[in-house]
Amino acid sequence: VEFVKALALTHLAHQNNRATVNRRHKVVPAVRIDVAHRLERAHLPPCLGLNHKADAAREVIEGLRAAEILDVNIAYGTIVKDIKDVSRSYKEAMMAREVGKIFYPGQTIVAYNKLGIGRLIYQLPSSLCKMFISEIFEGKTPEQFDEETLQTINKFFENSLNVSETSRQLYIHRNTLVYRLDKLQKTTGLDLRVFEDAITFKIALMVVKYMNSKEEVFDGRKF
C-alpha cells in the first residue's frame with residue numbers, strides 16, 4: 001500500500017508544473033501538493049482486493065472533490081505482488097483510462113479487468129475495424145440512422161433485448177417496436193431479436209465509437 005502511495009506521489013510531483021484543475025469552474029494552476037497530502041493521509045485498506053481497490057478509489061475521489069477538485073477520474077490495473085510487475089499494472093491502468101474515455105465516459109472509476117470487449121476493440125488495427133464496419137453496415141454508418149431508430153436500438157440493448165419492456169419505456173405499442181426492428185433487419189440484414197445478430201450489431205456500434213475517437217475517416221467522411 002505504501003508503495004502504491006509512493007508511486008502516486010511521484011506521478012503527482014512529476015505533473016506539478018504543467019497540470020491544471022477545475023476549481024468551481026475556474027481554471028487555475030493545480031496545487032498538486034494538496035492532492036499529495038490527501039493521498040498520504042488516506043487510510044487505504046490493508047488488503048487491496050478488487051472491492052477494496054474500488055472503495056479506495058471512491059475514497060480518493062471524495063477527498064479530492066472535498067478539496068474542490070471536481071473533475072476526477074480514476075483507472076487502475078490488476079494487483080501485482082512483485083515490483084517487477086508494477087510497470088505492467090501501470091500500463092493496464094493507462095489503458096483502462098483510455099478505453100474508459102471511449103466506451104464508458106459516464107464512469108468515474110474504471111478497472112482494467114472490467115473493460116470487457118472494449119479492451120479487445122481498443123487493440124484492433126484500424127484496417128480491420130474499417131473492413132468490419134464496411135461489411136456490417138454496407139457503406140453506411142450508424143450516424144445515418146434517424147434519431148428514432150438509434151433511440152430504439154439503444155433502448156432495446158438497455159433492456160436486454162426484451163421487446164415488451166422496451167416498448168413500454170419508449171411509450172409505443174409492441175407492434176410498433178416489432179415494425180422498427182423488422183425495418184432495421186431489412187436495412188442491415190441483422191435481426192436484433194436474435195442474440196448472435198444483436199452481439200454482432202453491438203460490437204459494430206462499439207467499433208464505430210472507437211474509430212470516431214481516433215477521428216478515422218472512411219470514404220471521405222467520419223465514421
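This report describes the confidence, helix packing and internal spaces of a predicted model.

**Confidence**

The chain has a mean pLDDT of 76, and 68% of its residues reach 70 or more. Among the elements of the chain, the lowest mean pLDDT, 40, belongs to strand β2 (residues 26-29), while helix α8 (residues 163-170) has the highest, 95. Over residues 1-33 the pLDDT is below 50, although this stretch has 46 contacts in the model beyond near neighbours in sequence. A further stretch, residues 42-50, also stays under 50 in pLDDT; for residues 42-50 the model has 19 contacts beyond four places in sequence. Where pLDDT is low, the predicted coordinates should not be read in detail.

**Helix packing around α9**

Two packed helices are described by the angle between their axes and the distance between the axes. Two pairs that involve α9 are set out below.

| Helix pair | Axes come within | Crossing angle |
|---|---|---|
| α8 and α9 | 9 Å | roughly 105° |
| α7 and α9 | 11 Å | roughly 105° |

The axes of α8 and α9 cross at roughly 105°, which makes α8 roughly perpendicular to α9. On the α8 side, the contact is made by V163, S164, T166, S167 and L170; on the α9 side, R174, L177, V178 and R180 take part. By class, the residues of this contact of α8 with α9 divide into four nonpolar, three polar and two charged.

For the other pair, the axes of α7 and α9 likewise cross at roughly 105°, and α7 and α9 are therefore roughly perpendicular to each other. Here E148, T149, T152, I153 and F156 in α7 meet L177, R180, L181 and L184 in α9. The residues of the contact of α7 with α9 comprise five nonpolar, two polar and two charged. L177 and R180 of α9 thus appear in the contact with α8 and also in the contact with α7.

**The cavity**

Rolling a probe the size of a water molecule over the atoms shows where empty space is left. The structure holds one cavity of 30 Å³ or more, and the largest cavity has a volume of about 30 Å³. Its lining consists of T149, T152, I153, R180, L181 and L184. Helices α7 (147-158) and α9 (174-188) each supply at least two residues of this lining. By class, the lining of the largest cavity has three nonpolar, two polar and one charged residues. The lining residues T149, T152 and I153 are also named in the contact of α7 with α9, as are R180, L181 and L184.

**The second largest pocket**

About 480 Å³ of space lies in the second largest pocket. This pocket is lined by 20 residues, of which N154, F157, K202, L205 and M206 are the closest to its centre. Helices α7 and α10 (195-213) each supply at least two residues of the lining. The largest share, nine residues, comes from α10. The lining of the second largest pocket has 13 nonpolar, three polar and four charged residues. Helix α7 therefore contributes to the lining of the largest cavity and to that of the second largest pocket.

Key
Residues numbered from 1 in each chain as written. Predicted model: local features only at pLDDT ≥ 70, side-chain atom pairs only at ≥ 80, totals over all residues. Heavy atoms only, no water. pLDDT = per-residue confidence, 0-100. Helix = DSSP H or I, 4+ residues; strand = E, 2+ residues; numbered from the N terminus. Contact = heavy atoms within 4.5 Å. 1 Å grid on protein atoms, 1.4 Å probe; cavity = no way out; pocket = protein on both sides within 12 Å on 5 of 7 lines; lining within 4 Å. Points joined across faces, edges and corners; volume = space filled by probe spheres on them. Nonpolar A, V, L, I, M, F, W, Y, C, P; charged D, E, K, R; others polar. Axes fitted to C-alpha atoms, helices over the stretch in contact; angles between N-to-C directions. Parallel < 35°, antiparallel > 145°, perpendicular 65-115°, else oblique.
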